[in-house]
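Open the model in your viewer and keep a selection prompt ready. The tour goes stop by stop.

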Amino acid sequence: MLRIFRVFVWVLGILLLLGIATLTTVDRSPVQDRSSYQSTIADLDTSTWSSSTSSHWLGGWATVNVTPAQPAELVGYSPRGPYTFVQDSSHVKALTLSNGKSSIAWLNYELLIVHPQLAEQVRAGVQEAGISVDQLIFTATHTHSGMGGYMPGMVGSLAFGGYDEQVVEQLVAGSVRALQTAIASQDTVTIAYKKTSVSDLVSNRFVKGGPTDPFVRQVLLQRKDGQKASFITYSAHATALSSKFMGLSGDYPAFLTERLEEDEVDFALFAAGTVGSHRPLTQGNTPEQVNAYALAIDTRLSADTSAVALQGAALLRTSQLQIDLGEPQLRISNDLRLRPWLFRTLLGEMPAYLDISQVGNILFISSSGELSGVFYEAWDALAEEKGLHLVVTVFNGSYVGYITPDELYDAKFHEVREMNWFGPGNGQYFDRLIKGVIQKAEN
């Protein structure tokens, strides 16, 4: 009996030491009292923006197919294994904009996210190819039926298709080629902004009947040769297809952009908007039903003739704000979290930042955090007070989890519990940052 007791004490001691080494309590101190918050707000207040003005805009765009030769792992929902067929090909899209003095470019992927490792390799590939842009912004459609193979680390291997050098090389090569083609095709463009309500097609995933961002926003470009492009953002998650669907697909964003390119424009780029709390209201999850959902959105966009043309000088302003989020707080219960060293072992380093671009009176803000659309109404109102049109996107080359209203932090939702990696207080934090950026924009 004594021997059994000793073994029990040893096991208990080992488990206790293991717990102390790997777990700690959640920091629930007010976010505004933390040094990370205070230093970032100070950086925002003193931040400077690069700025140039000319008399005209130049725009170019291109699409490159990056579907792997061999099936890759499907990423989204739970691990499903390699896709068994191609519902629609996977693409990299590039949109470039310049006023002849400075330039910006968006790279868009039909992927779940743009992992920091992928973003780093693309930046290196762009630099090696001698491509010069003043600001490079990453976006993703956030499809949950896209390919994996671009996420290193333990969690990447277990849940996100691991890291396949061939997949990454193909994505990098496709990104470079798309940028080169887009820049080569640049010509004088006019720019317009359009904001279309589709309130019956999206809902709040957490709160029944709760607030949503019900708008599809488009930035429309037209070259002097008549060619047209559309930069689209929308806040409904790309989760229309079934979690059991085994085909490679860009989900409803791919269906939507294909429809737009058939009927309205020559090029359409879908960048996930503030998807952190929103889901699509579809009639079902088969490809046919998802296509019908895309048609419903397309019909609304086509009927909306309220596009507002950009007037005045070609003003281009850019900036980037690095965000200090403090220690990661990946929870395993209400008040217990993994220690930072274990978080980084599992997920790697996840930098946080905002990419900021002002194109005339259109203000683009791209976030590393998966922002909730419930914040958007207040942001829009503030922007409109300054005579600005606001376009917010996420998945900008890093990923720091969900940014949702702070009152949901202890709710029993997967997204606000396991996926809120740096809370509590991140809702207030990012809300303050976005509002601060809007206030620094020129009108």
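Buried here means under 20% relative accessible area, exposed means over 50%, and partly exposed lies in between (1.4 Å probe, protein chains only). This is a predicted model, in which local features need pLDDT of at least 70, side-chain atom pairs count only at pLDDT 80 or more, and totals for chains, interfaces and linings use all residues. Residues are numbered from 1 along each chain as its sequence is written, and side-chain values use heavy atoms, with hydrogens and water left out.

**Stop 1: Asp251 and helix H6**

Select Asp251. At 0% relative accessibility, Asp251 counts as buried. Its phi is positive, about 60°, although Asp251 is not a glycine. Asp251 lies in helix H6. Helices (H or I, at least four residues) and strands (E, at least two) are DSSP runs, numbered from the N terminus.

Extend the selection to residues 251-263, the whole of H6. The expected span of a helix is 1.5 Å times one less than its number of residues. For the 13 residues of H6 that gives 18 Å, and the end C-alpha atoms are 19 Å apart, which agrees. Buried residues of H6 include Tyr252, Phe255, Leu256 and Leu260. What do the buried residues of H6 pack against? Show strand S6 (91-98), S13, S15 and helix H7 (287-303). Contact means heavy atoms within 4.5 Å.

**Stop 2: strand S13 and its partners**

Select residues 228-234, strand S13. Of its 7 residues, 6 are buried. Two strands pair if DSSP finds at least two bridges between them. Add strand S12 (residues 215-223), which runs antiparallel to S13 and is joined to S13 by 6 bridges. S12 and S13 form a hairpin with 4 residues between them. In the turn, Gly226 has a positive phi of about 95°.

Now add strand S15 (residues 267-272), which pairs with S13 in the parallel sense over 6 bridges. Click Thr233 in S13. Arg217 stands opposite Thr233, and in S15 the bridge partner of Thr233 is Ala271.

**Stop 3: the charges around Arg217**

Side chains of opposite charge can pair when their charged atoms come close. A salt bridge is a side-chain nitrogen of Lys or Arg within 4 Å of a carboxyl oxygen of Asp or Glu. The count by this rule is 18 salt bridges.

Center on Arg217. Is Arg217 buried or exposed? Arg217 is buried, at 2% relative accessibility. Arg217 forms a salt bridge with Asp213, with the closest N and O atoms 3.0 Å apart. Asp213 has a relative accessible area of 3% and is buried. Arg217 also meets Asp380 in a salt bridge, 2.8 Å from N to O. Arg217 lies in strand S12 and Asp380 in helix H9 (residues 376-385), so the pair ties together parts that are 163 residues apart in sequence. Asp380 is buried too.

Move to Glu349 and Arg344. Their side chains meet in a salt bridge at 3.4 Å, N to O. Glu349 is exposed at 57% relative accessibility, and Arg344 is partly exposed at 34%. Then select Lys195, Asp213, Arg217, Asp380 and Glu384 together: salt bridges that share partners join them into one network.

**Stop 4: backbone details**

Go to His142, in the loop between strand S8 (135-140) and strand S9 (146-147). Its phi is near 70°, a positive value in a residue other than glycine. His142 is buried, with a relative accessible area of 4%.

Finish at Pro424, in the loop between helix H10 (414-417) and helix H11 (426-440). The peptide bond from Gly423 to Pro424 is cis, with omega near -5°.
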